[in-house]
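Let's walk through this protein together and ask what stands behind each label. Keep the sequence and the 3D view at hand as we go.

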Amino acid sequence: MSASRSEITDAPGAGGPEPEPGGAELLAALLDGMDAALCAFDAAGTVTHWNREAERILGWSAREAVGRRGFAGWAVRSADAGEVQGRLMAAMETPGRQVHEFALLRKDGGRVLVRTQSARVLGADGRPAGVYCAFSEVHAQIDLERSIALSEALFEDASWGVVLVDVDLRPAVVNGEAARALGAGRSSALGRPLGELLVQGVEELEGALHHVLAEGAPRGLADLWVVVTGAGGQEQRRCWRSGFLRLASPLAEEPVPLGVGWLFHDVTDAKLAEQEANRLRFRAGQLHRAGRAASECEDPLEAASAYLDFALAGFADHVLLDVAEDDGERLVRAAASPAGAPGPCAGVSGGGLPVRYEPGHPAFQAVERAGSVRASGLPGEWAERRQWPADAAHALCTVLRSRGRTVGVLTFLRGAARPAFERPDAVYAESVAVLAAAALDLAQTATD
């Protein structure tokens, strides 16, 4: 019974501790698992270690390499063997690492240029006992150095903003250009939610980042409009042309997202210039179409209304045409667009009664200045007191002049959802007013 108990106790897997791997096995496993090729020589120059990466690069197995004296006759040309061996073994006499480039021979006879780092190995007595040498193909080393150099350049000198965003959508690395664009320091922006860095536009940006993490990078660039806090606390609306890259770990067996690389460039000025050019082109086209439509109208007042219909598109929500009487002392409503819903500008019924504008009304100001007047306020009471539709929040009044006299006032109105009128809008309104004034003057002449 004691013999059987002994056999059970000594049997593998019987509950006792597994034997730990020896030092030689552990060292061999570590060497074979390295990404770099590695070999070692003893003090006499004999190869003592040779890992799998070295076998992959040169084709010689560890069984074929270990035990050979130097590289002569197999891993290097005979003519170069002495120089190569001397430079490698010279590391025994010098502390630190020595870097060299050699042309080695593959087992199939081909040559490969490698970059080596060699250093001495000290024995138990503290004296040099050999040399170890790590090497890799030069082109692979150059690719690695280029990648590192590119990363350094992007995060130091790039004119594009570069932000590495982790999987929680928080900045992990920010370069100088991105920090300036975000109005934050390179270190203070790290780890903060994007909503703390952007006043507006964070939803679109986070949506793009989520898409990249889930589906991968889009094919093209995206223009994102954001609002950031600039110098002095002023909010600025900017357009950033953005590209995205999904970052995955090269060390994992399956791609594991590490985050997103976000590169962006400020194109606000170019974008605004493009929008302005498109706006001018559209408005010029509308005036051209309005002129062709007005030329087919027999009634001059109908022709004036045609100009206003074409001008409304993309420009305003409502338009009012008031005819001047008594040299501009009174204004009489001649045509208007529907107040409740979008529709064409048409003549009003029951005309002839002056519009009940209060003194100082923007329409009267336009008559006094013989130009344009812009005004804004809250919809409701502000608009109703000025005899405008209740949803009006922005107004642009411009005088109608023909043959040196005032023939009326043109009023464009926008709702609160649209921006206020600006100077370029006034210039466009004045261009429309010139055409409408000529038609209105013709209508008055025909009546007289």
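Q: What makes β11 and β12 a pair of strands in this predicted model?
A: Pairing calls for at least two bridges between two strands. Strand β11 (residues 318-325) and strand β12 (residues 330-336) are joined by 6 bridges, so they qualify, and they run antiparallel. For one bridge to look at, take V323, whose partner in β12 is V332.

Q: Where do β11 and β12 sit in their sheet?
A: The sheet is open, has 6 strands with antiparallel pairing, and follows the order β13-β12-β11-β16-β15-β14.

Q: Why are β13 and β14 called edge strands?
A: β13 (346-347) and β14 (372-376) each pair on one side only.

Q: Which helix lies across β11, β12 and β16?
A: That is helix α10 (residues 300-312), which runs at about 145 degrees to β11.

Q: How do you know that β6 and β7 pair?
A: Again the cut-off is at least two bridges. Strand β6 (residues 161-165) and strand β7 (residues 171-174) have 3 bridges between them, so they pair, in antiparallel fashion. L164 has V173 in β7 as its bridge partner. The two strands form a hairpin with 5 residues between them, and L169 in the turn has a positive phi of about 65 degrees.

Q: Why is the contact between K107 and E64 called a salt bridge?
A: The nitrogen must be within 4 Å of the carboxyl oxygen. For K107 and E64 the N to O distance is 2.7 Å, so the pair counts as a salt bridge. A search of the whole structure finds 22 salt bridges.

Q: What does the salt bridge of K107 and E64 tie together?
A: K107 lies in the loop between β3 (98-105) and β4 (111-122), while E64 is in helix α4 (residues 62-65), so the pair links parts that are 43 residues apart in sequence.

Q: Why is K107 called partly exposed?
A: Partly exposed covers values between the 20% limit for buried and the 50% limit for exposed. K107 has a relative accessible area of 44%, so it belongs in that class. E64, at 27%, is also partly exposed.

Q: What makes R279 and E276 a salt bridge?
A: Their side chains meet at 2.3 Å, N to O, and the limit is 4 Å, so the pair qualifies. Both residues lie in helix α9 (residues 268-294), 3 residues apart, about one turn of the helix. Elsewhere, salt bridges that share partners join E53, R56 and E137 into one network.

Technical notes
Residues numbered from 1 in each chain as written. Predicted model: local features only at pLDDT ≥ 70, side-chain atom pairs only at ≥ 80, totals over all residues. Heavy atoms only, no water. Helix = DSSP H or I, 4+ residues; strand = E, 2+ residues; numbered from the N terminus. Contact = heavy atoms within 4.5 Å. Axes fitted to C-alpha atoms, helices over the stretch in contact; angles between N-to-C directions. Buried < 20%, exposed > 50% of the residue type's maximum accessible area, 1.4 Å probe, protein only.
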